[in-house]
Amino acid sequence: MSSSAVTIAGKTVLTNGQGRASVRVPVGSTQLSLSKKYYASFNEKYLVPIRKPQVLRLTLTATGRQVPIIVANKISGQPVENATVKALDTEAKTDKTGHATLVLPADKTSVPATVTASGYNTLNAAVQITAQAALANSFAITPAGSVYFLSNLSGKIDVVKTNLDGTSRLTLLAGTGKDDPRNTVLLASRDWKYLALLSNRDGTPKLYLITTATGVLATMDEGSDVSFTPVGWSNDTFVYTVQRSTVQNWQSGQSALKSFNAPAQKLTMLDQTTASGTNAYDYTGQSFSQEYILSDNEIVYTKNAQAGSYAANLQNLQATFNSIRADGTNQKTI
């Protein structure tokens, strides 16, 4: 029986979900008691042995009605062990099968209760006081945490936050009506501390940073003549490419590989393309492709060679396979 108070030699411990408790006390004669609300208390003299520990099996008699409770994970359906069910001034913990027995006054039909467990959201519920197993006393609790996603339920593209079961829906960032569904992307960092939002919510393409703990919105990068392509998160650093429409093929810097460190709010130019020539026919240049984020903040990517149809040194161009860390260090051609 869980959450029962075992008192011996002046020390008190509570039993766990399996009805077990362990306590170290001095050898000798002492007083032993076992108590729990709505149960008849147990008291007797006890002699603590000198040598090996002794296992005692004690029983309490219920003075109220024993109500079977079941607690399961709402997402997986699996039983939840060590969930605490509290009602009135008593509580019980579930065993490994998700079962617990809560003893409550027999003169009531229903009482409010809370179900809590480490790593789960608190559930406020009502326990039906019945000695028989009842569907109403089978509770499903949701693992703690939130999920973030884009939704056009309002007719605009909103950034929405909910619990993992879809409850407690909150619009974290309302759409403006200018958002382009073909060019709106939301990517979460692996620890869910940050969100990267690609959107033209104010009429121009921008990359936004949303800090999930506070909901604060910041701008990572923007430009009326650019297009952004997300690569992804490397820990707390967001990596992306930029294509500048006003930079010509024969001009350097037409494309760039960048990163933004969220905690430091720091933008870093990792690499950008180079080019030469005077027009669309005699130029030689580069373009980025195949960007991947590896472990230890390493980014690998290719730089492809391109040239105009009249480029005299077309045969001398070569594509490269490159590596750089997300903070801009250790750049090399592999």
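Q: Where in this predicted model is Asp180 placed?
A: Asp180 is in the loop between strand E16 (170-173) and strand E17 (185-188). Leaving aside neighbours within four places in sequence, Asp180 is in contact with Ile157 and Asn200.

Q: Why is Asp180 called buried?
A: The relative accessible area of Asp180 is 19%. Buried means under 20%, and Asp180 therefore counts as buried.

Q: What makes the pairing of Asp180 with Arg182 a salt bridge?
A: The closest N and O atoms of Asp180 and Arg182 are 3.2 Å apart, and the cut-off is within 4 Å. Arg182 has a relative accessible area of 76%; exposed means over 50%, so Arg182 is exposed.

Q: Why are Asp165 and Lys74 called partly exposed?
A: Asp165 has 23% relative accessibility and Lys74 has 43%. Partly exposed lies between the limits of 20% and 50%, so Asp165 and Lys74 count as partly exposed. Their side chains meet in a salt bridge (3.0 Å, N to O). The pair links distant parts of the chain, 91 residues apart.

Q: What makes Lys303 and Asp271 a pair that ties together separate parts of the sequence?
A: The side chains of Lys303 and Asp271 meet in a salt bridge (3.2 Å, N to O). Lys303 lies in strand E26 and Asp271 in strand E24 (residues 266-272), so the pair ties together parts that are 32 residues apart in sequence. Lys303 is buried, at 11% relative accessible area, and Asp271 is buried, at 10%.

Note on methods. Residues numbered from 1 in each chain as written. Predicted model: local features only at pLDDT ≥ 70, side-chain atom pairs only at ≥ 80, totals over all residues. Heavy atoms only, no water. Helix = DSSP H or I, 4+ residues; strand = E, 2+ residues; numbered from the N terminus. Buried < 20%, exposed > 50% of the residue type's maximum accessible area, 1.4 Å probe, protein only. Contact = heavy atoms within 4.5 Å.
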